[in-house]
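Welcome to a short set of exercises on a two-chain protein. Take a look at the sequence and the structure, then work through each task and its solution at your own pace.

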Amino acid sequence: MRLPLRVLTAGGAALALVAPAFAQGPGSQRTREFVSASAQSDQFEIDEAVTALAQSENPDVRGFATRMIEDHRKTSQALADAVSRSKLAAPPPGIGGDQSMFLSALQSARGSEFDRLYARQQVLAHHAALVTVEVYAASGDDPNLRAVAADTSALIQSHSAMADQLAAKMEEGQARP
Amino acid sequence: MDEKTRRQALKAATLGAAAALASPVAAQMGGSKAQPGGKQDPRSKYPKPPFKSQSQPWPGLASKMNPRPDHGDTSYVGSGRLTGRKALITGGDSGMGRAAAIAFAREGADVAINYLPEEEPDAREVVELIRQAGRKAVALPGDIRTAAFCKDLVAKALAGLGGLDILVCNAARQQSIPSILDVTDEEFDRTMKTNIYAPFWIIRAAVPHLDPGSAIIGTASEQAYNPDGDLYAYAQTKAATMNYVKSLAKQLGPKGIRVNGVAPGPIWTPLQVSGGASQGKLVTFGATAPLGRPGQPAELAGIYVRLAEDDGSYTTGNIYGAGGGQGQP
């Protein structure tokens, strides 16, 4: 059945006015992706640290994990503040797909193997996070977020060094007879 | 009473039962609603990690978990989809078995549940819920790890229900043990007996009594497809479950008996607090899933109903998943 032309046109106009439920939101793709990646990174650090505090008895691991929770809650807040100041959309909650696999592997570990795995994962996660944040700090297009990226970059560098030290200690522990 | 009136009466009875049960605990759960339909944000519908570190001796009670799992006690509303059916469910005291028991009863089926004697407090609640739905409840406690008990279990279910046409093999033993070197003979045997032998004994005893149109449902797991390293014993039994569903479907299809499986992702059940997961996994349970939280048993009840009901008559040899976005199928 052919609809009269005016009905079709009205329908088309209505469609044009209806905003899709999940519009991309403001900000360049690059900026949106940075916000999303940073939020996921913070959440991942917190999830892994919570897991470590429930599972590990190693004082070095526990100290590192406690620090991660404190610091990543702060960076998470700083990101949210910048997102708000720049009137960007809040990132969706949760961790990314690759991080999910890391967390899943960690959840299945126990004892000294848990400690070594946590440390190794933290080395990798911080190296990856550092790259993300340094690139945006250097050439991102949103000034508020670029400032946050610059601050966070210093913190992540120190975390990365801490993670390297923790990993070395865990490997050393294994090497001892 | 005509069909429409009967359905309305059933709905009223269910809502009445649900209202009578409405408790502060249930009210805290985002998911509870006594009306069908609508939609909720699946991300926030139920509790998200982090959860409190907690541990119970095997097998564990749902009533002692924090937060309590939602089995659909106050939210499941039936509509006569399983009128006149008779179901036996192993592990019907908690978890998916409980959710299925409640849903089946609300859909019009009489239900027998099997559980371990230590699970009696949880089982009492389920029996009460089945009766409140106006259906017959048969409590059959005992350990399914012997052929003799399983044979007796089926006989008692048949006698208590006056027949049988839905069989849900759901009870499981799950222990998280990261190293095979620490898996004892006793633990391995316990897992195999509960998860593979018992379904074999129970199904074998039941098949002569299942008429065409009957349904068998096995609880598998995402672990069947992508197992975790610390679930070596448990995960292979779930792969076996996924497989027996398919071979039995081929064998029993010509007899008009359908056989299907359910593969959950991470679900908040007593298995997780009684050794099935490490404390590390427990406190961030479900964080790996795209929905950002573990599932609740209530979220799988409808799958068991679907696989049991006549409307699902072409589904056999299939595995239906509910994994929060992670895993297979």
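**Exercise 1. Work out how chain B is built, beginning with its contacts.**

Step 1. Start with contacts, meaning heavy atoms within 4.5 Å. Of the contacts in chain B between residues at least 6 apart in sequence, 78% link residues at least 24 apart.

Before going on, note that this is a predicted model, in which local features need pLDDT of at least 70, side-chain atom pairs count only at pLDDT 80 or more, and totals for chains, interfaces and linings use all residues. Residues are numbered from 1 along each chain as its sequence is written, chains are lettered from A and ligands numbered from 1 in the order in which they are written, and side-chain values use heavy atoms, with hydrogens and water left out.

Step 2. Now list the secondary structure, where helices (H or I, at least four residues) and strands (E, at least two) are DSSP runs numbered from the N terminus. Chain B has ten helices and seven strands.

Step 3. Next comes burial: a residue is buried under 20% relative accessible area, exposed over 50% and partly exposed in between (1.4 Å probe, protein chains only). In chain B, 57% of the 329 residues are buried.

Step 4. Finish with the surface, computed by the Shrake-Rupley method with a 1.4 Å probe, where for residues only the protein chains shown count as cover. Chain B exposes about 13,100 Å², and 54% of this comes from carbon and sulfur atoms.

**Exercise 2. Explain why B:Ile267 counts as buried, and find its surroundings.**

Step 1. Locate the residue: B:Ile267 sits in the loop between β6 (258–264) and α8 (270–276) of chain B.

Step 2. B:Ile267 counts as buried because its relative accessible area is 5%.

Step 3. Leaving aside neighbours within four places in sequence, the contacts of B:Ile267 include B:Met96, B:Phe285, B:Leu300 and B:Gln272. B:Leu300 is 33 residues away from B:Ile267 in sequence, while their C-alpha atoms are 9.4 Å apart.

Step 4. Follow one of these contacts, B:Gln272, into helix α8 of chain B. B:Gln272 is also buried, with a relative accessible area of 7%. Not counting residues up to four places away in sequence, B:Gln272 touches B:Gln174, B:Ile267, B:Ala277, B:Leu282 and B:Phe285.

**Exercise 3. Describe chain A by its elements and its burial.**

Step 1. Chain A has six helices and zero strands, so its elements run α-α-α-α-α-α from the N terminus on.

Step 2. Of the 177 residues in chain A, 40% are buried. The accessible surface of chain A is about 9,800 Å², with 59% belonging to carbon and sulfur atoms.

**Exercise 4. Describe how chain A and chain B meet.**

Step 1. Count residues: 14 from chain A are in contact with 17 from chain B.

Step 2. Take the buried area, the accessible area (1.4 Å probe) that two parts lose on being put together, summed over both. Between chain A and chain B this is about 1,300 Å², of which carbon and sulfur atoms give 54%. A:Gln107, A:Ser108 and A:Arg110 supply 45% of the area that chain A buries against chain B, more than any other three residues.

Step 3. Ask which elements take part: α2 (29–55) and α4 (97–107) of chain A each supply at least two residues of the side that touches chain B. The largest share, five residues, comes from α2(A).
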